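Me: Please take a close look at one part of this model and set it in its surroundings. Which elements does the chosen part pack against, and what follows it along the chain?

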There are 4 protein chains.
Amino acid sequence: MSSGIRHYCGVFGIAGHPEAAQLTYLGLYAQQHRGQEAAGICTADGQRMIRRAGSGLVADALDAQDLEELRNPLAIGHVRYSTTGSGHEANVQPLQVSCSIGQVAICHNGNLINAAGVRHEYESDGHIFTGTSDTEVILHMLVNRDFAERPDPLAAVLRHLRGSYSLLMLHPDRIEAARDPTGNRPLCLGRIADTWIVASETCALDLVGAQYVRDVEPGEIVTLTPNGIQSRRFIERRACRPAQCIFEHIYFADPSSLVFGENVHLVRKQMGRALARYAPANADLIVPVPNCARCAALGYHEESNIPLGRGFTTSHYVGRSFIQPSQTVRDLTVRLKLNPIRASVEGKRLVVVEDSVVRGTTTRGKMQSLRDAGAKQLHLRVASPPIRHPCYYGIDFPSREELIANARTVEQIRDYLAVDSLAYLPLERMLSCVKPHNGHFCTACFSGEYPIPIDPYFQKDMFERQQLRFFEPLHGGDPAKDTAPAP
Amino acid sequence: MSSGIRHYCGVFGIAGHPEAAQLTYLGLYAQQHRGQEAAGICTADGQRMIRRAGSGLVADALDAQDLEELRNPLAIGHVRYSTTGSGHEANVQPLQVSCSIGQVAICHNGNLINAAGVRHEYESDGHIFTGTSDTEVILHMLVNRDFAERPDPLAAVLRHLRGSYSLLMLHPDRIEAARDPTGNRPLCLGRIADTWIVASETCALDLVGAQYVRDVEPGEIVTLTPNGIQSRRFIERRACRPAQCIFEHIYFADPSSLVFGENVHLVRKQMGRALARYAPANADLIVPVPNCARCAALGYHEESNIPLGRGFTTSHYVGRSFIQPSQTVRDLTVRLKLNPIRASVEGKRLVVVEDSVVRGTTTRGKMQSLRDAGAKQLHLRVASPPIRHPCYYGIDFPSREELIANARTVEQIRDYLAVDSLAYLPLERMLSCVKPHNGHFCTACFSGEYPIPIDPYFQKDMFERQQLRFFEPLHGGDPAKDTAPAP
Amino acid sequence: MSSGIRHYCGVFGIAGHPEAAQLTYLGLYAQQHRGQEAAGICTADGQRMIRRAGSGLVADALDAQDLEELRNPLAIGHVRYSTTGSGHEANVQPLQVSCSIGQVAICHNGNLINAAGVRHEYESDGHIFTGTSDTEVILHMLVNRDFAERPDPLAAVLRHLRGSYSLLMLHPDRIEAARDPTGNRPLCLGRIADTWIVASETCALDLVGAQYVRDVEPGEIVTLTPNGIQSRRFIERRACRPAQCIFEHIYFADPSSLVFGENVHLVRKQMGRALARYAPANADLIVPVPNCARCAALGYHEESNIPLGRGFTTSHYVGRSFIQPSQTVRDLTVRLKLNPIRASVEGKRLVVVEDSVVRGTTTRGKMQSLRDAGAKQLHLRVASPPIRHPCYYGIDFPSREELIANARTVEQIRDYLAVDSLAYLPLERMLSCVKPHNGHFCTACFSGEYPIPIDPYFQKDMFERQQLRFFEPLHGGDPAKDTAPAP
Amino acid sequence: MSSGIRHYCGVFGIAGHPEAAQLTYLGLYAQQHRGQEAAGICTADGQRMIRRAGSGLVADALDAQDLEELRNPLAIGHVRYSTTGSGHEANVQPLQVSCSIGQVAICHNGNLINAAGVRHEYESDGHIFTGTSDTEVILHMLVNRDFAERPDPLAAVLRHLRGSYSLLMLHPDRIEAARDPTGNRPLCLGRIADTWIVASETCALDLVGAQYVRDVEPGEIVTLTPNGIQSRRFIERRACRPAQCIFEHIYFADPSSLVFGENVHLVRKQMGRALARYAPANADLIVPVPNCARCAALGYHEESNIPLGRGFTTSHYVGRSFIQPSQTVRDLTVRLKLNPIRASVEGKRLVVVEDSVVRGTTTRGKMQSLRDAGAKQLHLRVASPPIRHPCYYGIDFPSREELIANARTVEQIRDYLAVDSLAYLPLERMLSCVKPHNGHFCTACFSGEYPIPIDPYFQKDMFERQQLRFFEPLHGGDPAKDTAPAP
């Protein structure tokens, strides 16, 4: 059972628009960087629901006929990442079922820590599970007598859940949007005239021409109907312990998005400036690793006044259908995505800015290719701290052993990456780049301090049986993350 | 008959490698930005030839089985653009035939000006043409008695051709590579150990791990065999009048490539610097239009010291399969490829750097979206002169009437684009950014001075009967070029 | 909710063979005529299960990689028909779930009459349903406390079910096969050496090289393991009221199969002989309607001594991808599947033998085309009685109103079909062609006498809300069944 | 060079119908049994031409958009067989070119014996060939001065051709249809009101609702325009030596077609009767090998009064996508297409009627499966003589060595096939079944008497270099032909 593995995802919902399915399609498209393995939309007309979903990019998963059939005024949608084993069709969200409260569809971004335990208990109690996602567990809880008979069953269920979740639930006549008490994952509200929208990131609001209004608060449930929104809390504000995922700012979110109250691009630039102050370098040129580190490189440049250059050209054509080259030429293909510009780097002392380093193998390859292209010195600057711990709230990092910083000193990593100098941005300095009044951040992958306790069942699953794997590149054509094992 | 329409293309050839087809596949992939409509490879084993080709990107056009069947030590390949009408299979290159000199395959990048006339003459004389490409005309000339009986038929044919061409011809036992006397299109030689390679751009050499040796010279024919290369000239060096396509540096070529003896990235940066000197701006931030103008924007920044920002995030997911949104939400999709980063541009006076402006409609949309995102002032700086004339040597611009600069003053263009100020880099200043000792450049699209006279037949075809269209974005996910008509 | 709609299906299971998935694939292929809309296989290795399924023919639904991944010694598989509305992925069988009894997969052929009621009751009780098939209901009952705590939960559940079913259930280490107390649908046991197999029809045993052993008896559960089979009954033999579906012999089953103890081809031939005795004709030639009626036509010929001819050629190339012709030529396409042989029928008095007539529209078209081809007289002989009543046990006939015999006398039908004479084989005569000692048959569609009472819920669903539709041609390229409405 | 290999094909043309492309599509569909490897249509509007073609069945090769783009009043189309090596796109017919006589498209059914020689001569003379089909040779001859300057160039070319051909040539404003002086391949004229049609078989006329008018005569050219037809001869009638392909009647043509003036079904039945008279058998049941031999089996039955049974059921679902089973179960798949009906044949003495035997391996397998199903005796009766010689006029038999009758006596063949008795229909008796007044037949594959002399070039190609292969089953789902080598 792999129910413990969670994936990074994006959600979108809209209540009361004649082209709800079309706008949801665009909203998912804008959040494509949050999930490229599958996409689905479920819509409702006040009485009935219809669902269409498929694997791959939004444009592959859904076609014009799907959108035509989905023509209803209420809609929720989902894009997701999956690991190989659990990629089967029964898990593609939104999940739609029929049960005692009628037809319901649900999708979420996040990871439920106590899902495995609840599921085990419910199975013993006669429940049947068709997929392996923890989303399904939420539905089972909802119709369970323990919760169903409460005045507000959804609130009761949410109080019982442990983990991170930004959740959308579609009923025939309304959408309920909820965010976990730690606010670990982003979730924002916007509007087009009188139509309300909810999405993981504001870039989805921008694309559909909606105005950002506010975030859904940690511990809040917002109900969206064609007549407006209503808010209630399932947990008191003062009882909420914010633990927003700092990795949204470091890597996941689109630079144009407003996440946790701040623009991602500006935060990243700040991190770059802080990095320049903390770890200056005697160099001729700053080279960002495309495309994510470009914001941080800009900040490093502004602070250091070292010229900002372009070290690589990027190819946008690599897809899954690319033929695996033969053994002999296999090593050529590491250059497929990143081609160093020799004329730009030859004979230069380079500051290479990265947003983060996971396994280290890809970074090592990039350093080698810059060296091959004639770079005289390589000073690697990473705009976040070393990643040393697994994430249980939704990031599918590789196993602890595969993390390059797990059992190595910075010096040892420098040796492995074969660079002249290496510096990571320390945790406190990184945190100084985000506004404290927006609440605390989860930094577990750096610090090992987990804001939400891990339950025994989950531990067992996670530690003993599962092979956690860090996602493939989130951003198309972006090779920033490592994919092969280190020494 | 649409034989006058030429396309922008890329070629690759390799003589004497056990994995020639695989390396050609990679070499075409590296030059994917030069042609995305079709791809083909033809290989030979000393006696026989085999050809495989298809439409779409390299990875779509050819599959693993094709490569397996193509396993031969000599190979040439081609990627190309096409216009709708002439996209039929008979035109996909390399073109392979059997004739008096045995089996021959040919592919080229460029445009033959006198092809229509020659073709007409040959048809009258009993020749049969199966496609509409001018490549076919070259083959017919080769076996024509007038040329076939000369001591060097290929040289004789090339002397007779008018136009631009970088040409590869595959015989069962060798490759012949030729470049027209003006050197209008790039063509370079490289080697992996003792194996010789020829390609349009050096980025293809880089990807396959080959070393750049030199360019094929204007007026030269280089024969590549497994035993090495041999050179001969079909026209004396002193009789060659270089007219290298300046648009390779402005837009077509990959920034990492060495083209006409200079690195494209550095030339573009120089153009950006020249632009900053010629047309400074009182502004807070420089915003490059991704992805092409990033090099020029870097130059503008270095010269002006105005901070270099990031105005847009780019999406890499838009493909042909994207569903056409309904009428109501159609205007939302202009944001699909370029999403402005509000936090970055809001309240700012921006310098927007473009590499070139063709129709102006897309640029206008981008300016509008920056304005919508809160930009206070927009100062558009274009790193090349206004395009006012059609190209007959291989660039498929739209018709003269659709060129925004055709009948408008810079002031009128400024009004249409709705920017606060607008400046183009003047022709002489642009030319000052490339090294003169590498020879003269063709600037016909800016100046109207055509280095190769246009023959009457061609004129008739081009001006009366054909609808010339500028290509769709060359670089994946790059929206830099306009696609809709202007007022 | 469309849970009342059942489809005609085929099942196959094999316990303990190194190539279980491969053999199941072949076994499904042999039963392709029982279901062409979707196919699925689920396999187990003693501990884990894996499932692969898809839409379309077996060869489309599953590919080589699927079979590779399914490499386990125990397997069950399913082919099915579906109606448009319920064709969504969640319904493709086998259905695999995880619940209190571990992992279970299930598939069946038949129709549960009381599924809707049970489902409604269970939903009220907190159960969640993800699809619309009644198969899912069986699983919910199994884990329900009422049944789960019995000594033999499966037997308890089966005793509670109403309707027709030939059911396979896969556990990690065994297969359970059960047949309803009426034995409405066929289910047979076979073996390859020591490996036991269960299938809907013996033609599946033949194809995989297995020997037929016996049928699963009505009211029996057979457990198949790699070590052999075990039998138990969930209802006493004397309490079983056989009601075998006579339509298996008339139309569904493959002529080579042994169904309900008799060979289908021989039974059909007997029906043809009985028809010839009951309704002789003064004619020159017998023309079977391909391909199903060929067996009956053979019988008619043997009894009547009227020469057996060939009236039609059949096309095997019509598939779903065939382009819908324009309005003008649409009426030409009725000839696509059946082309009359003019030279064979011109000027002749024909006996046309059909196995059954449902809507009558296709039959009418065939009669017209024979008339157009020059037939002098048309004497239609149908080897079964008029269909006047809906089937609730698994045949998806059109609505009562669409059945041509519903409100018409034979005379009126004759007029509508425009034939010179028309005769149906009377019910008793038809029944005289099958061996009585094999038990009684269900003839509800002819007689209106339903052997299993219809429950109120089901009635409501079936009669008020649903549009029942008779399946498209079961046998590839067989146009024997009608598809358009009658006057 | 494989230009000597010819394929079995079908053609269709229509002059002056608003839905010419649609009707051609249907006309090709009706002749799908004549070629399943590729299909193409070329249409004209009086001035321009457009061509669409693809590989596979008609429904795969052309889609709705193709038909839309082909919307022109004149159309010709082609279906063809190909051998692996020559299946590349340049050979898919119709072949469309532009030359001195403007745009021309051509397609044909047949085989030119002197094509290789002419081609060689023309290549020496400066012509260029893009494919390997002999159709291309015809075009080159047409524009050659030797022919182009004659009063009627097409007639002059046809007089020069040696071999079999039923040829359609599309000009912008008319279709020319020609049949070789031996009339080796069928070609018929039909009409829908005032619109004239030409097709290989009359079954194509039937499907589009056209009336058969007459055959194109050997040595005749018929010009079809929207205004009617005109006829001329390129060779005098008395100079024509009819040599119609008897295999059209034995195997190729559709039973419903009128070929060479006689209905195929009736001719086959006559052959069956002749076979019964020549080689009676003491047997209980006649079993035709589906589907081709059904007509002959009917005749054998009528003459012998031995009951006609059904020995096999046929599957219509086997396609190319069927997964290759593993080594272990590979031998099961011989039953995939033909499943013996045990109940029908068990304990019986069978007369098995075949239309022809080529390699013998498939027939041997069928005999074995009938034996396995319990047949007591097997008396094989073949409704044509032993095939002992290659065909140079269009049938792609296997090499002489692979023909089972090449070097074996009937007795030896009987042993190999393991039947109790074996008889072939002798040549004269077979010829007595077709009307002599329709002209002579070519029986070269049986007798070795070639009506058209073979030229030296062709001999060289055919005998030394080429591996002739008999086609895969012509009729879908028909396994009548052998595919594996014999001892």
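Reply: Contact means heavy atoms within 4.5 Å, and helices (H or I, at least four residues) and strands (E, at least two) are DSSP runs numbered from the N terminus. The model is predicted: local features need pLDDT of at least 70 and side-chain atom pairs pLDDT 80 or more, while totals for chains, interfaces and linings use all residues. Residues are numbered from 1 along each chain as written, chains are lettered from A and ligands numbered from 1 in the order written, and side-chain values use heavy atoms, without hydrogens or water.

The part chosen here is helix α11 of chain B. Nine of the 11 residues of α11(B) are buried, so that the helix is mostly covered (buried: under 20% relative accessible area; exposed: over 50%; partly exposed: in between; 1.4 Å probe, protein chains only). The buried set consists of B:R294, B:C295, B:A296, B:A297, B:L298, B:G299, B:Y300, B:H301 and B:E302. Within chain B these residues pack against α10 (264-278), β17 (285-288), β20 (349-354) and β21 (377-382), and from chain A they meet α11 (294-304).

Just after α11(B) comes B:N305, with a positive phi of about 65 degrees, although this residue is not a glycine. B:N305 belongs to the loop between α11 (294-304) and β18 (312-314) of chain B. In contrast to the buried residues of the helix, B:N305 is exposed, at a relative accessible area of 65%.

Three of the strands that α11(B) packs against, β17, β20 and β21, belong to an open sheet of four strands in chain B, ordered β17-β20-β21-β22 with parallel pairing (strands pair if DSSP finds at least two bridges between them). At the edges of this sheet stand β17 and β22 (421-424) of chain B, each paired on one side only. From one strand to the next the twist averages 20 degrees, angles running from 0 to 180 degrees between N-to-C directions of axes fitted to C-alpha atoms, for helices over the stretch in contact. Four bridges join β21(B) and β22(B) in the parallel sense, and B:R381 stands opposite B:A423 in β22(B). Another helix, α14 (residues 410-417) of chain B, lies across β21 and β22 of that chain, at about 130 degrees to β22(B).

Elsewhere in chain B, β12 (residues 220-225) and β13 (residues 228-233) pair in the antiparallel sense over six bridges. A hairpin of two residues joins β12(B) to β13(B), with B:I221 opposite B:R232 in β13(B).

Chain A offers an antiparallel sheet for comparison. Seven strands form this open sheet in the order β3-β2-β4-β1-β10-β9-β11. Because β3 (49-55) and β11 (211-215) of chain A are at the edges with a single partner strand each, one side of each has no neighbour in the sheet. Here the twist averages 15 degrees from one strand to the next. Strands β9 (residues 188-192) and β10 (residues 195-199) of chain A share five bridges, and A:R191 has A:W196 in β10(A) as its bridge partner. Helix α1 (residues 20-30) of chain A lies across β1 (9-15), β2 (38-44), β4 (74-80) and β9 of that chain, at about 25 degrees to β4(A).

A further positive phi outside glycine, near 50 degrees, belongs to C:A193. C:A193 sits in the loop between β9 (188-192) and β10 (195-199) of chain C and is exposed, with a relative accessible area of 63%.
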